[in-house]
Amino acid sequence: MIVPIPSNGVGLYLGVLVKALFILQPLTEITVSKLTNRAHVYAVEGGPPMLFDVDGRGNEIFPTVYALWKVPTLLKSFVLKGGEVSRFVIGGADLMFPGICVPPEGLPAFSAGEPWSVKVPGNAFPIAVGATCMSSKEASKASLRGKALRIIHYYQDTLWESAEGRYIPNDGFLEDVVLEDPTSIATSQATDPSESEVINASDHLLRGNGDDSEVDVQHGNKFDSRHDAAKQLGVENEDSDQIVKDLNTLKVTDDIEEDASSGKKEFSTMSVEEIDTLLDKCLLQALYTTVKDKDLPMPGSTLWSNHILACRPPGVTLDIKKSSHKKLSKWLLAKSSAGLISAKEDKHRKEVMLLGVNRGHPDYQAFKPEKRKANVAEATAPIPSESSKSQTQLEVIELWKSTIHINPILEAVGANPSHLYTASEAVDIVFSYVEKENLVKPHDKAMVVLNAIFCDALYKGTVKKGSTYPTEIHKKDLGSTFLSRMQSNHRVIRGNESVVRKGALKAVQIMTERRQGNKKVTRVSGLESFLVDADALASELQKKFACSTSVAEVPGKKGQNEVLVQGGVLEDLARHLVQQYGIPKKYIEILDKTRK
């Protein structure tokens with residue numbers, strides 16, 4: 001069977017994988033499923049789908065999440081700003097640039113139509129795959145706003161559910177959100193695997209039940225040798241060697257299912273009753289030690305990932321699906337019915353929220369929490385002074401203000417249009433309006449009907465002349481669409497000092513350049529955004545680097561100062577801002593003009 005190599009910018013790695021599926025391991029039984037929407041799905045017989053052809057013509061071929069869980073580094077990845085953003089992605093919404101965590105060096109170069117995967121911070125396994133909507137140059141001109149990735153396939157969609165033996169790679173993959181991997185499973189084994197290791201990995205990736213002497217492919221052919229397979233694909237020996245060479249750069253993970261079975265034998269041998277008891281014990285331990293009343297209300301996913309999993313015994317992995325409750329929401333609601341906690345399902349977020357803890361409950365009173373040994377290094381570490389704490393403690397909060405378009409929505413629910421709101425508060429406002437006006441579609445609870453006021457608030461001025469206005473919107477898209485109609489603001493807090501500014505937070509720029517006499521000088525500007533005093537910083541850097549420093553006004557920008565440091569201290573200066581002033585790396589831009 002000939003599998004077309006995609007030609008729409010899928011790139012080297014995916015092209016290598018598709019060819020390798022049939023060159024490195026041609027004697028494998030592959031099945032092709034033709035769906036009603038003309039898509040073709042390629043899978044190893046008895047295993048999950050690995051590739052899918054969107055239109056069945058070979059123009060857009062993408063790996064499934066199952067394939068990406070085998071080879072997490074197959075595609076370049078956008079990393080979300082947090083696990084909570086994954087709710088929108090696995091709900092079918094496209095990925096927007098504001099939801100992406102941009103590294104200090106910026107995003108790598110890419111063109112429109114390239115396949116990229118999506119990951120959650122702290123979790124090496126992708127949650128979705130899609131195609132870029134614009135190039136990196138276009139994104140830069142748009143100030144990293146707008147749609148970044150057109151999501152085509154994601155965890156929890158129908159393609160993922162179609163696999164008979166569907167599974168999840170780690171406990172961070174919950175039912176409605178993907179969070180940081182609590183077990184910290186290693187995502188790769190060797191840094192540079194040898195050719196034999198890659199071939200073995202490909203062999204494992206395509207493991208089938210067929211005989212080694214022939215391949216039985218649906219609507220396919222029989223290949224007698226690897227050479228014939230390469231010839232059938234139109235690939236000569238040189239290309240085959242190049243593909244093997246390119247595959248050597250990929251980091252292939254071991255079998256997730258085998259790792260899970262070997263690493264969780266102790267947990268798998270436990271009965272359902274023992275698992276239920278262990279879950280209750282971890283919950284009580286968390287309620288005693290880490291869950292504070294001031295942190296309530298708390299999402300159930302946060303309670304699970306940040307508190308309950310942290311209280312499990314060493315070497316034990318909790319799996320709510322192996323308990324009698326099967327789901328986290330059912331378990332929490334059962335504990336609420338028992339009176340231990342107060343929990344209620346949030347209809348807007350579609351998640352159970354922990355509202356309160358009954359610390360007078362008999363189970364709570366009878367439980368004796370375990371005492372954990374303090375870390376010796378932490379116990380002997382010096383306590384930082386109050387001045388150093390206020391200097392390094394920095395908090396950046398994104399805020400949103402109403403505009404003339406959505407003022408009627410806020411006024412309808414009694415919200416003040418002149419106030420600033422966090423993203424979650426703004427989303428609560430729009431869903432309160434939907435509930436008040438009873439706009440949920442009766443026969444499809446996931447859709448919201450747009451009345452005249454609501455339609456104008458969300459789309460007036462954005463629809464081209466001659467086009468019709470939408471009459472409904474999916475709940476997953478409602479929050480992001482509402483925020484896009486609001487004005488972006490941010491609040492920066494350092495110690496007792498706080499300031500609110502319009503627009504997105506501007507990054508600190510650090511640049512090294514050459515002056516007369518071939519001398520290097522490092523300039524840092526944009527310090528006002530993070531409440532950093534330029535004169536104080538210049539004095540610190542003078543002592544730290546034993547060099548001369550000065551402060552000057554940025555040309556053309558009144559009221560903004562820059563610090564000039566003699567010498568090329570680009571990386572050291574950036575590290576100093578992170579460690580001493582708490583400025584996140586994503587807000588530091590570095591440019592070295594001395595490199596040729």
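# Exercises on strands, helices and a salt bridge

β20 and β22 run antiparallel and are joined by five bridges. That pair is our way in; the model is a predicted one, where local features need pLDDT of at least 70, side-chain atom pairs count only at pLDDT 80 or more, and totals for chains, interfaces and linings use all residues. Residues are numbered from 1 along each chain as its sequence is written, and side-chain values use heavy atoms, with hydrogens and water left out. Helices (H or I, at least four residues) and strands (E, at least two) are DSSP runs, numbered from the N terminus.

**Exercise 1.** Work out the strand order of the open sheet that holds β20 and β22, and find its edges.

Step 1. Start with the pair you already have: R523 has L564 of β22 as its bridge partner. Two strands count as paired if DSSP finds at least two bridges between them.

Step 2. Now add β21, which pairs with β22 (residues 561-566) in the antiparallel sense over five bridges. Two spots to check on screen: E553 has N561 of β22 as its bridge partner, and T549 stands opposite V565 in β22.

Step 3. Write out the whole order: β21-β22-β20-β19-β23, five strands with mixed pairing. The edges are β21 (549-553) and β23 (588-592), each of which pairs on one side only. On average, neighbouring strands here are turned by 20° against each other, direction ignored.

**Exercise 2.** Describe how α21 sits against this sheet and against α22.

Step 1. Look at the sheet side. α21 packs on the sheet and touches β20 (519-525), β21 and β22, and its direction makes about 10° with that of β22.

Step 2. Turn to the helix pair. α21 (residues 534-545) packs against α22 (residues 570-581) at an angle of about 120°, their axes being 12 Å apart. Axes are lines fitted to C-alpha atoms, for helices over the stretch in contact, and angles run from 0 to 180 degrees between N-to-C directions.

Step 3. Name the geometry. Angles under 35 degrees count as roughly parallel, over 145 as roughly antiparallel, 65 to 115 as roughly perpendicular and the rest as oblique, so α21 and α22 are oblique to each other.

Step 4. List who touches whom, with contact meaning heavy atoms within 4.5 Å. From α21 come L537, E540, L541, K544 and F545; from α22 come D572, L573, H576, L577 and Y581. Sorted by type, the residues of this contact are six nonpolar, one polar and three charged. (Ala, Val, Leu, Ile, Met, Phe, Trp, Tyr, Cys and Pro count as nonpolar, Asp, Glu, Lys and Arg as charged, and the others, Gly among them, as polar.)

**Exercise 3.** Do the same job for α12 and α13.

Step 1. Get the numbers: α12 (residues 300-308) and α13 (residues 328-337) pack at an angle of about 90°, with axes 10 Å apart. These two are therefore roughly perpendicular to each other.

Step 2. Pick out the contact residues: G300, S301, L303, W304 and I308 of α12, with L328, W331 and L332 of α13. They divide into six nonpolar, two polar and no charged.

**Exercise 4.** Place K147 in its sheet and find its salt-bridge partner.

Step 1. Lay out the sheet: five strands in the order β5-β7-β8-β9-β6, open, with mixed pairing. β5 (77-79) and β6 stand at the edges with a single partner strand each, so one side of each has no neighbour in the sheet.

Step 2. Zoom in on β6 and β9, which pair in the antiparallel sense over two bridges. Here M96 stands opposite K147 in β9.

Step 3. Find the partner. Side chains of opposite charge can pair when their charged atoms come close. K147 forms a salt bridge with D94, the closest N and O atoms being 3.1 Å apart; the cut-off is a side-chain nitrogen of Lys or Arg within 4 Å of a carboxyl oxygen of Asp or Glu. The pair links distant parts of the chain, 53 residues apart, with K147 in β9 (residues 147-154) and D94 in the loop between α3 (86-89) and β6 (95-96). Across the structure there are 14 salt bridges.

**Exercise 5.** Characterise the β17-β18 hairpin.

Step 1. Count the bridges: six join β17 (residues 487-494) to β18 (residues 497-502), and the strands run antiparallel. H490, for one, has R501 of β18 as its bridge partner.

Step 2. Check the turn: two residues lie between the strands, and G495 there has a positive phi of about 65°.
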